[in-house]
Amino acid sequence: MTRPGALAESGSPTVRPPAAAHLTDEQVAELGRELDAVRDGILAQRGASDAAYIRRMIKIQRGLEITGRATLLVSKNKAAWVTGTAMLSAAKILANMELGHNILHGQWDWMRDPDIHSTTWEWDFVTPARSWQHTHNDLHHRWTNVVGKDRDVGYNLLRMDPDQEWKPFNLGNPLYNALLAPVFEWGIAIYDLELPEYQEGLKSQEAMKRDLKALGRKAIKQFAKDYAATPAVAMLTGSGKQALFGTLTANVVRNLWAHAVIFCGHFPEGTDTFTEEMAEGETRGDWYIRQMIGSANISGSRFMHLMTGNLSLQIEHHLFPDLPSNRYAEAAPQVREICRRYGLKYTTGPLLKQVGSAWAKVFKLALPPRKAST
């Protein structure tokens with residue numbers, strides 16, 4: 001399933017988004033068929049080369065992690081510290097972005113490999129995989145940028161849309177975001193607990209206890225691996241402190257990178273947000289449109305796409321979240337052409353521009369809305 005929940009067979013949502021208001025129901029239906037054809041074309045080609053790709057990525061990631069940690073065991077030498085930290089940082093980025101995120105979306109379930117499956121994979125992120133799959137796959141991808149439904153719009157912390165009520169607390173928007181970035185994995189872990197839902201009575205006490213226990217187990221495991229085991233072994237060479245600082249630095253680097261990439265996905269200038277009425281009664285074509293105009297890409301090299309987990313092709317990912325990530329670049333020109341023909345935005349730009357645009361929104365929405373002049 002590309003989107004949880006029912007989609008209307010025909011018709012239109014209660015209100016069509018302004019950016020798509022010029023389209024008729026028939027045009028939206030045809031757009032949906034064209035995007036289905038893009039997806040079906042890629043599915044028809046999916047096979048051994050894709051399986052080889054993901055297995056190669058796993059080997060590269062594990063090789064980087066093992067070598068990076070081994071190098072940190074002798075990191076009293078500055079060159080070894082820099083090398084080991086850099087390798088471990090890259091390993092953690094790959095583990096989260098190209099492996100964890102995409103495997104947990106079920107992109108590789110078709111291989112029937114229990115070691116590379118969305119129901120068995122656990123990632124190098126403090127939030128448990130199952131909790132993240134619920135808030136991300138089930139909720140965010142269903143209600144993408146629907147204010148009031150998609151809590152990824154601000155992560156229960158930031159004001160990221162003018163339709164979100166302004167409160168004095170929001171004056172700290174830039175500070176909160178700056179503090180969030182280096183500890184992003186912990187921010188996501190707390191977000192995945194769904195505390196507002198619990199406070200509103202939408203999440204049971206039993207479910208909250210279960211999720212807290214799962215988070216506690218995962219946090220202990222992560223701490224043991226990064227801040228106990230590696231530094232403890234490094235103490236044998238007199239490199240304990242350096243190894244501890246190296247693993248801490250690698251986690252911060254990964255968090256900063258993940259934060260930057262993810263904020264580029266839906267917050268830069270040009271991305272739209274939606275009301276609940278715009279999602280009510282939407283057809284498959286309307287859902288496709290919401291994903292396209294509510295997402296933004298990052299232009300760049302193949303290496304940059306790899307290190308973002310191909311989330312630099314966020315538009316294609318939101319259209320086809322269960323397709324292998326290495327295929328998004330193949331889909332992108334076709335999606336862009338469809339957007340052009342139907343008069344829809346296809347938002348993309350270089351990394352620094354998109355990061356800057358997202359941060360500009362953080363600053364702008366920290367301030368109260370201007371009163372309309374009379």
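These are my notebook entries on the pockets, cavities, ring pairs and salt bridges that I looked up in this predicted model.

**Entry 1: open pockets**

I began with the largest pocket, for which I noted a volume of about 470 Å³. Its lining is made up of 19 residues, and those that lie nearest the centre are Arg-151, Val-153, Asn-156, Leu-158 and Gln-164. When I sorted this lining by class, I wrote down seven nonpolar, five polar and seven charged residues.

I then turned to the second largest pocket, which has a volume of about 410 Å³ and is lined by 24 residues. Nearest its centre I found Pro-162, Glu-269, Lys-361, Lys-364 and Leu-365. Helix H15, which covers residues 351–364, gives the most to this lining, with four residues. By class the lining of the second largest pocket divides into ten nonpolar, six polar and eight charged residues.

**Entry 2: enclosed cavities**

Next I asked how many cavities of 30 Å³ or more the structure holds. I found two of them.

The largest cavity has a volume of about 340 Å³, and I listed 26 lining residues for it, with Trp-132, His-136, Asp-152, Tyr-155 and Ile-262 nearest the centre. At least two lining residues come from each of H3, H4, helix H6 (184–192), helix H9 (240–266) and H13. The lining of the largest cavity holds 13 nonpolar, ten polar and three charged residues.

For the second largest cavity I noted about 60 Å³ of space, lined by Val-126, Glu-185, Trp-186, Gln-222, Phe-223, Asp-226, Tyr-227 and Asn-251. Both H6 and H8 supply at least two residues of this lining, and the largest share, four residues, comes from H8. Sorted by class, the lining of the second largest cavity has four nonpolar, two polar and two charged residues.

**Entry 3: aromatic rings**

A search of the whole structure gave me 15 aromatic pairs. I looked up Tyr-288 and Phe-320, whose ring centres are 6.2 Å apart and whose planes stand at 70 degrees, so I recorded the pair as edge-to-face. This pair links distant parts of the chain, 32 residues apart, with Tyr-288 in helix H11 (residues 284–293) and Phe-320 in the loop between helix H13 (314–319) and helix H14 (328–341). I also checked whether these two residues are buried or exposed. Tyr-288 and Phe-320 are both buried.

Elsewhere, ring pairs join Tyr-155, Phe-184, Tyr-191, Phe-263 and Phe-267 into a cluster; Tyr-155 is also among the residues that lie nearest the centre of the largest cavity. I added one contact between a charge and a ring, in which the charged end of Lys-149 sits over the ring of Trp-143, 5.1 Å from the ring centre.

**Entry 4: salt bridges**

My search of the whole structure for salt bridges found 26. Arg-39 forms one with Asp-322, and the closest N and O atoms are 2.7 Å apart. The two residues are 283 apart in the chain, Arg-39 lying in helix H1 (residues 25–45) and Asp-322 in the loop between H13 and H14. Since buried means under 20% relative accessible area, I entered Arg-39 as buried because its value is 16%, and Asp-322 as buried because its value is 17%.

Arg-55 pairs with Asp-113 in a salt bridge whose closest N and O atoms are 3.2 Å apart. Because Arg-55 lies in helix H2 (residues 48–72) and Asp-113 in the loop between helix H3 (78–103) and helix H4 (129–140), the pair ties together parts that are 58 residues apart in sequence. Arg-55 counts as partly exposed at 39% relative accessibility, whereas Asp-113 is buried at 14%.

Arg-151, one of the residues nearest the centre of the largest pocket, forms a salt bridge with Glu-200, where the closest N and O atoms are 3.5 Å apart. Arg-151 lies in the loop between H4 and helix H5 (173–180) and Glu-200 in the loop between helix H7 (195–199) and helix H8 (205–234), so this pair ties together parts 49 residues apart in sequence. I recorded Arg-151 as partly exposed at 24% relative accessibility and Glu-200 as partly exposed at 49%.

Finally I asked which residues are linked in a network of salt bridges. I wrote down Glu-65, Arg-69, Lys-92, Asp-124, Glu-185, Lys-225, Asp-226 and Arg-254. Of these, I noted that Glu-185 and Asp-226 also line the second largest cavity.

Note on methods. Residues numbered from 1 in each chain as written. Predicted model: local features only at pLDDT ≥ 70, side-chain atom pairs only at ≥ 80, totals over all residues. Heavy atoms only, no water. 1 Å grid on protein atoms, 1.4 Å probe; cavity = no way out; pocket = protein on both sides within 12 Å on 5 of 7 lines; lining within 4 Å. Points joined across faces, edges and corners; volume = space filled by probe spheres on them. Nonpolar A, V, L, I, M, F, W, Y, C, P; charged D, E, K, R; others polar. Phe/Tyr/Trp six-rings, centres within 6.5 Å; stacked < 30°, edge-to-face > 60°. Buried < 20%, exposed > 50% of the residue type's maximum accessible area, 1.4 Å probe, protein only. Lys NZ or Arg CZ within 6 Å of the ring centre and 35° of its normal. Salt bridge = Lys/Arg side-chain N within 4 Å of Asp/Glu carboxyl O.
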